[in-house]
Amino acid sequence: NADLESVSPAGVKIANIEGDDFGVGFTAGLLFTPGDTTQIGIGFRSMIEHELKGDGFVAGVYSGGIKAPLDTPEIVTLGIRQQIDERWTAMAGVEWTNLSRFENLTVYSDPGGSNISGTRENWSDSWFVSLGAEYAYSDTLTLRGGLAYEDSGVPDSTRTPRIPDNNRYWVSVGATWQVNNWLKANLAYSHVFVEDGDVALTGPPSLTATFKQSIDIVSASAAIDW
């Protein structure tokens, strides 16, 4: 699902484009155990082709159907888990995302196929690297924490207010509680520091802005072992 807005230099919304689509892809993975204390995992998620379809509005008035091609990138992940002793386990990971697929964001009329709008993106491939550790505090409680760095892939030259993303630094903590023989509870928190996203569009329309961003993620889950 996508919802894009265009805004005039005076800050007045002049167009709104809404679209959605379903796509099909696949994931695959391999897990190697070269030793009793070492695990190495490799994962792959495929690219998915989309053609978003929906409606366009100008100044709040329906202007017709739209369509926009969009391919989500493939992702390759490598992770290593190394048990150090009975309580400590170290983890490391690296992930590559083929964001260079995202060269342009172009919206066409549907039917007809005439070009309504186009934005040059020219994103580059993104890398994510992480380091973490687990500590078995007791037989029922495991504590964990980690740090990560993520290269956003959004170049300064084409950053827009639609996606003012920039490089990110992650700090994460979490815990797993073995409630009983069949129930396990997980809780995690991450704070993501995002570098300021500077926008300098020469237009038309032109726009100069700085986006200050941060992200907080809280997750909780439970697993039942039958």
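Trainee: What share of the 226 residues in the chain is buried?

Mentor: Buried residues make up 25% of the 226, where buried means under 20% relative accessible area, exposed means over 50% and partly exposed lies in between, with a 1.4 Å probe and protein chains only. Keep in mind that this is a predicted model, in which local features need pLDDT of at least 70 and side-chain atom pairs count only at pLDDT 80 or more, while totals for chains, interfaces and linings use all residues. Residues are numbered from 1 along each chain as its sequence is written, and side-chain values use heavy atoms, with hydrogens and water left out.

Trainee: And how many helices and strands are there in the chain?

Mentor: The chain has 0 helices and 15 strands, both taken as DSSP runs numbered from the N terminus, with H or I over at least four residues for a helix and E over at least two for a strand. The radius of gyration is 22 Å, well over the 17 Å that the globule rule gives for 226 residues, so the chain is more spread out than a compact globule. That radius is taken over C-alpha atoms, and the rule is 2.2 Å times the number of residues to the power 0.38. Along the principal axes, the C-alpha atoms fill a box of roughly 65 × 35 × 30 Å.

Trainee: What fraction of the contacts with a separation of 6 or more joins residues 24 or more positions apart?

Mentor: Such pairs account for 53% of those contacts, a contact being heavy atoms within 4.5 Å.

Trainee: Switching to single residues, where is Asn167, and is it buried or exposed?

Mentor: Asn167 sits in the loop between β12 (141-150) and β13 (168-178), and it counts as buried because its relative accessibility is 15%. Leaving out residues up to four places away in sequence, Asn167 touches Tyr149, Glu150, Asp151, Ser152, Phe193, Val194 and Glu195. With Ser152 there is also a polar pair, since the backbone nitrogen of Ser152 lies 3.1 Å from a polar atom of the Asn167 side chain; a polar contact is a pair of N or O atoms within 3.5 Å, where within protein one must be able to donate a hydrogen and the other to accept it, and residues adjacent in sequence count only if both atoms are side-chain atoms.

Trainee: Which backbone nitrogens lie by the side chain of Asn180?

Mentor: The backbone nitrogen of Trp182 is 3.0 Å from a polar atom of the Asn180 side chain, and the backbone nitrogen of Leu183 is 2.8 Å from one. Asn180 itself lies in the loop between β13 and β14 (183-201) and counts as partly exposed at 27% relative accessibility.

Trainee: What about the phi of Asn122?

Mentor: Asn122 has a positive phi of about 50° although it is not a glycine. Most residues other than glycine have a negative phi. Asn122 is placed in the loop between β10 (115-120) and β11 (126-136), and at 37% relative accessibility it counts as partly exposed.

Trainee: Which residues are in contact with Thr160, leaving aside neighbours within four places?

Mentor: Thr160 is in contact with Thr119, Val199 and Leu201 on that basis. Thr160 is found in the loop between β12 and β13 and is buried, with a relative accessible area of 8%.

Trainee: And how far apart are Thr142 and Phe211?

Mentor: Thr142 and Phe211 are 69 residues apart in sequence and 37 Å apart in space, C-alpha to C-alpha. Thr142 belongs to strand β12.
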